[in-house]
Amino acid sequence: GFSLPLTISTIAEITPLKYRGKMIICVNFCVTIGKLYGLFIIYLTLENFENGNWRKMMTISAMSSLLVCIGNIIYLKESPRYYIASGHINECVEVLDYIGEMNNKNKYNRINDQETKSLLIYHKKNFNLKDKSNHYALFSDNLIGTTLRLWMIWFSLIFIEFGQYAILPFIFGGNNLGFASYIYTILGEVPSIFFSFYFRVE
C-alpha cells in the first residue's frame, strides 16, 4: 500500500510515452504474481485457513520484501525530475546517464554540456519558485484539492484491496473451502490485465 503509488510514479517518469501505459500495467501484473507467490507460501506452511505455522509463513513472505529493500538501497536512484525541480542538475545528469547505460551501454551517448545547459534552462523556466520543489507545495492553494483527492483515491483503493485479503480467508475457512478457491479469485484478474495491455488507450 505504501510502495505501489511510488512505484507507478517512478515507472511513469522514466518510461517513454509510447511504452508508459504497458509498463504500468506490467507493474500491476506483478501484484498478481505476488499474490500467487503468497499463496504458494501458504501451501508450504498452512494446513488450511485456520491451522498451520503462521509464524513461518510470515517469515518466508517477509524475505522477498527484505530483498526488494536491499535492491532499492543498492540500485534505485532519486527521481531525475526531482533533481531538476530542486536545481541539482549535475545529479540529474548522473541519474539519466546511469539509466541510459543500464538500458543500452553500447549505443547510449552520455549527456553533453549543451544538453546539461538545456536542463538548467528548463529548471529556471519551470521551477523558478522555491516551493515547487518542496513537499509543502502539495498543500498550496492551487494543489491542495488535487492532493486530497489523490489521497482519498489511493486510501480507498488500498483499503478495499487489503480488506479483501483480510476477509477472504475467513469466508473460505468458514465455508470449508480450500486454497484452490483463493486461486480462482486471483486468476480472475488475469483476463482484465491482458485486455488492458493489448487494448489500452494511448
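The questions below ask what supports the names given to several features of this predicted model.

The model is predicted, with local features needing pLDDT of at least 70 and side-chain atom pairs counting only at pLDDT 80 or more, while totals for chains, interfaces and linings use all residues. Residues are numbered from 1 along each chain as its sequence is written, and side-chain values use heavy atoms, with hydrogens and water left out.

Q: Why is the contact between K35 and E161 called a salt bridge?
A: The term requires a side-chain nitrogen of Lys or Arg within 4 Å of a carboxyl oxygen of Asp or Glu. The N to O distance between the side chains of K35 and E161 is 3.8 Å, and the pair therefore meets the definition. K35 lies in helix α2 (residues 17–45) and E161 in helix α7 (residues 144–174), 126 residues apart; helices here are DSSP runs of H or I with at least four residues, numbered from the N terminus.

Q: What makes K35 and E189 a salt bridge?
A: The closest N and O atoms of the two residues are 2.4 Å apart, so the pair satisfies the cut-off for a salt bridge. E189 lies in the loop between α8 (179–187) and α9 (190–198) and K35 in helix α2, so the pair ties together parts that are 154 residues apart in sequence. K35, E161 and E189 are linked in a network of salt bridges.

Q: Why is K35 called buried, and how are E161 and E189 classed?
A: Buried means under 20% relative accessible area, exposed means over 50%, and partly exposed lies in between, with a 1.4 Å probe and protein chains only. K35 has a value of 17% and is therefore buried, whereas E161 at 21% and E189 at 25% count as partly exposed.

Q: How do you know that D97 and R110 form a salt bridge, and why is D97 called buried?
A: Their side chains meet at 3.4 Å, N to O, which means that the pair fulfils the salt-bridge definition. D97 lies in helix α5 (residues 89–104) and R110 in the loop between α5 and α6 (113–126), so the pair ties together parts that are 13 residues apart in sequence. The relative accessible area of D97 is 3%, and D97 is therefore buried.

Q: Why is A166 called partly exposed?
A: A166, which is placed in helix α7, has a relative accessible area of 42%, and this residue therefore falls in the partly exposed class.

Q: What makes the lining of the second largest pocket divide into nonpolar, polar and charged residues?
A: The division rests on residue type: Ala, Val, Leu, Ile, Met, Phe, Trp, Tyr, Cys and Pro count as nonpolar, Asp, Glu, Lys and Arg as charged, and the others, Gly among them, as polar. On that basis the lining holds twelve nonpolar, six polar and three charged residues. The lining is made up of 21 residues, of which N28, V31, K35, E161 and E189 lie nearest the centre of the pocket. A pocket is an open set of points on a 1 Å grid over the protein atoms alone, where a 1.4 Å probe fits, with protein on both sides within 12 Å along at least five of seven lines, and lining residues have an atom within 4 Å of a point. Helix α7 gives the most to this lining, with seven residues.

Definitions and conventions: Helices (H or I, at least four residues) and strands (E, at least two) are DSSP runs, numbered from the N terminus.
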